[in-house]
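User: I would like to go through the pockets of this model step by step. Please keep the answers short.

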Amino acid sequence: MQTGDFKNTLLKALDAEVIARLHLRPVTFELEHEIEFPGNPISHVYFVEVGMASMTTTFKDGSQVEVGMFGYESVIGISALMGTKQSLNRVYTQIAGSGYRCMLDTAKAEFGRCGVFQRLTLRYVQAQLVQAMQSAGCNAKHNFEQRLARWLLICADRAHSDTFKMSQEFLADMLGSTRPTVSLAAVQLKHEHLIEYTRHLDSYQEFDTGITE
């Protein structure tokens with residue numbers, strides 16, 4: 001397997017010897033594919049190539065809010081490389097796609113070599129922390145339309161696509177709001193020619209984040 005064949009940015013940066021030691025296996029991410037669940041042991045590390053997954057915090061009443069997003073730049077399960085045994089959050093696919101996975105013990109062994117794999121995964125952790133800080137600032141200072149616009153742009157970047165399907169219920173969960181609020185904000189963004197969206201009978205909406213003329 002040649003490193004140039006990968007779409008995941010971390011895998012592309014690894015040499016052939018590291019790739020061989022990871023023993024990667026292809027995986028398909030169906031819509032709402034469960035990758036991690038709170039309390040469940042973490043057994044694999046995942047590298048997304050296509051699609052997008054969300055990390056959420058779940059509350060006692062069953063509601064959830066997004067606290068992280070994974071795309072082609074991501075490593076899922078990295079906390080287990082630093083000692084976490086059970087997942088603290090739910091991670092599941094919101095845009096179907098594909099990628100690779102390797103056994104946790106295999107990834108731990110490579111991480112323990114203190115080589116390029118460790119350096120790149122730690123850089124990714126740093127990038128996630130910066131993203132979390134920016135999200136906290138955005139949630140505190142920006143109105144809902146701005147938050148929705150930012151979320152859609154990040155989602156498009158992670159998915160490498162300007163067009164994707166999302167339900168209003170999902171968007172409300174991810175942004176800690178309600179469906180009517182999402183609907184009003186989406187209408188306003190469409191009115192300002194910032195997005196286009198089309199309703200589908202299956203309750204999903206297809207968003208296009210490209211700027212329209």
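**Pockets and their linings**

Analyst: The model is predicted. In the second largest pocket, the element that gives the most to the lining is helix 4, with six residues.

User: Which elements give two or more residues to the lining of the second largest pocket?

Analyst: The lining of this pocket includes Thr 9, Leu 10, Leu 120 and Arg 123. Thr 9 and Leu 10 fall in the range 9-12 of one helix. The elements that give two or more residues are helix 1 and helix 4.

User: How do the residues of that lining divide into nonpolar, polar and charged?

Analyst: Ala 13 is one of the lining residues that count as nonpolar. Glu 73, Arg 123 and Arg 158 are in the lining too, and Glu and Arg count as charged. The division is five nonpolar, three polar and three charged.

User: What is the volume of the largest pocket?

Analyst: The second largest pocket holds about 200 Å³ of space. For the largest pocket, the volume is about 810 Å³.

User: Which element supplies the largest share of the lining of the largest pocket?

Analyst: Strand 4 (64-70), helix 4 (116-141), helix 5 (144-159) and helix 6 (168-175) each supply at least two residues. The largest share is 10 residues, and the element that supplies it is helix 4.

User: Which residues lie nearest the centre of the largest pocket?

Analyst: The lining has 37 residues, of which 21 are nonpolar, 11 polar and five charged. Those nearest the centre are Met 55, Val 67, Gly 68, Met 69 and Gln 128.

Definitions and conventions:
Residues are numbered from 1 along each chain as its sequence is written. This is a predicted model: local features need pLDDT of at least 70, side-chain atom pairs count only at pLDDT 80 or more; totals for chains, interfaces and linings use all residues. Side-chain values use heavy atoms; hydrogens and water are left out. On a 1 Å grid over the protein atoms alone, a cavity is a set of points where a 1.4 Å probe fits but cannot get out, and a pocket is an open set with protein on both sides within 12 Å along at least five of seven lines; lining residues have an atom within 4 Å of a point. Grid points are joined across faces, edges and corners, and a volume is the space filled by probe spheres set on the points. Helices (H or I, at least four residues) and strands (E, at least two) are DSSP runs, numbered from the N terminus.
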